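Biologist: Could you take me through this one? I'd like to go slowly and ask as we go.
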Amino acid sequence: MATQSSLLTIADYEARAKETMPKALFDRLFGELGAPDWTTNTNNVGAFDSVKLRPRVLVDVSRRDLSTEVLGEKIDLPIMLAPTGTHQRAHPLGELASVRAAGARGTILGLSTASSYSIEEVAGAATGPLWFQLYFFPDRELTETLVRRAQRAGYTGLMLTVDNLGANSREREHRYAYILESERTLKNFVGIELPNLPTRENFAESFDHSLNWADLEWLRSTTTMPLVIKGIQTAEDARMCVQHGADALVVSNHGGHALPGSKGTIELLPEVVDAVGDRLEVYMDGGIRRGADVLKALGLGAKAVFIGRPIFWGLSVGGEAGVRHVLDILRDELNVAMGLCGVTGVRNLPRSLVQGTNGGGSQGDVVSRLERLAKLHTQGYLTREEFETQKAKLLR
């Protein structure tokens with residue numbers, strides 16, 4: 001691994017990973033900011049520039065608490081590892097290295113259905129809590145099998161991905177052809193005796209594209225794990241999560257891999273937070289490269305954030321140690337940003353901490369948010385009581 005003194009930022013890890021990973025693989029997974037086929041990822045990263053922090057001074061920040069709770073579980077920092085497929089593309093130990101790094105830093109790994117190591121293998125290497133990310137398959141027996149295995153193995157959250165169920169573009173796969181080595185199999189399907197199991201070649205086409213809100217009732221019946229809906233981008237769908245009994249949601253656009261040209265997730269966050277109020281927990285992913293980005297997301301109402309690409313960059317450069325260092329960088333940057341903004345803890349930050357994206361911090365932003373709340377109430381997404389409660393919090 002390169003010396004940590006030469007890897008000071010997440011951008012440094014990205015640059016080094018570009019040297020250590022095969023070019024076709026790097027281009028296929030990450031591309032270049034500003035490239036025509038990466039517009040949404042570019043928007044994710046760039047949108048953070050439109051959100052500005054409003055520092056407060058002469059606050060005693062000698063003690064700062066970065067810990068928080070997600071779904072009732074305490075984590076040492078509000079940064080979790082997003083469910084991303086096939087970590088072996090970056091390092092032979094794949095998710096085993098990632099989960100050990102997460103445990104060492106007191107946070108959560110979300111394990112992808114498309115992981116290189118199985119549900120049980122990753123659980124065996126874990127020293128902290130785990131969530132399992134689910135793709136919903138037409139064969140409900142297969143779907144239920146995966147869910148029940150995760151629960152038996154001790155996973156404490158179920159993340160259902162919903163933002164890539166339409167017709168999938170194959171442009172990047174054809175433009176940057178990279179084929180996984182034959183021994184790198186989708187381990188979660190090994191040993192399951194059912195017909196027509198997903199493979200590397202047809203995995204995305206194997207999802208149940210008819211999945212709808214009514215199916216959540218069946219999914220809830222299969223498990224006692226809290227349900228997290230990953231891939232919410234509008235107030236309307238956020239409210240549907242509330243109505244259908246989700247415990248949390250992730251504002252996410254699949255890291256920019258799915259729909260070209262959508263907004264950056266930090267721009268989508270405020271309306272989602274407004275739509276759900278205190279009914280469920282809101283997290284976000286997409287474009288986080290600095291600890292200050294984390295603070296901006298928390299200021300706009302996220303309980304915690306997920307990182308995706310930096311996991312791969314850390315793995316590629318240094319395996320488990322690389323992922324630990326990536327988390328250390330973001331933790332230390334967040335700690336510094338908190339101190340400079342007069343923030344002593346990451347829980348329940350005021351909207352006045354940030355300005356921009358209609359998120360609070362100026363009279364114009366307050367008016368815009370009141371207008372958005374009123375519109376949500378008029379459209380039936382907020383009750384009168386919820387509207388009045390959120391208005392009171394905004395104006396206090």
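Modeller: Helices (H or I, at least four residues) and strands (E, at least two) are DSSP runs, numbered from the N terminus. This is a predicted model, where local features need pLDDT of at least 70 and side-chain atom pairs count only at pLDDT 80 or more, while totals for chains, interfaces and linings use all residues. Residues are numbered from 1 along each chain as its sequence is written, and side-chain values use heavy atoms, with hydrogens and water left out.

Biologist: OK, what follows H11?
Modeller: Gly301 follows H11, and its phi is positive, near 115°.

Biologist: And why is H11 largely enclosed?
Modeller: Because 8 of the 9 residues of H11 (residues 291-299) are buried, the helix is largely enclosed by the rest of the structure. Buried means under 20% relative accessible area, with exposed over 50% and partly exposed in between (1.4 Å probe, protein chains only). Among the buried ones are Asp293 and Lys296.

Biologist: Switching to Glu73, where does it sit?
Modeller: Glu73 lies in strand E3 (residues 73-75).

Biologist: Which side chain of opposite charge is nearest to Glu73?
Modeller: That is Lys303, 11 Å away, and Glu73 is buried yet has no salt bridge. A salt bridge is a side-chain nitrogen of Lys or Arg within 4 Å of a carboxyl oxygen of Asp or Glu; Lys and Arg count as positive and Asp and Glu as negative, with His and the chain ends not counted.

Biologist: So what does Glu73 touch, beyond its neighbours within four places in sequence?
Modeller: Glu73 is in contact (heavy atoms within 4.5 Å) with Thr68, Ile108, Pro129, Trp131 and Thr156.
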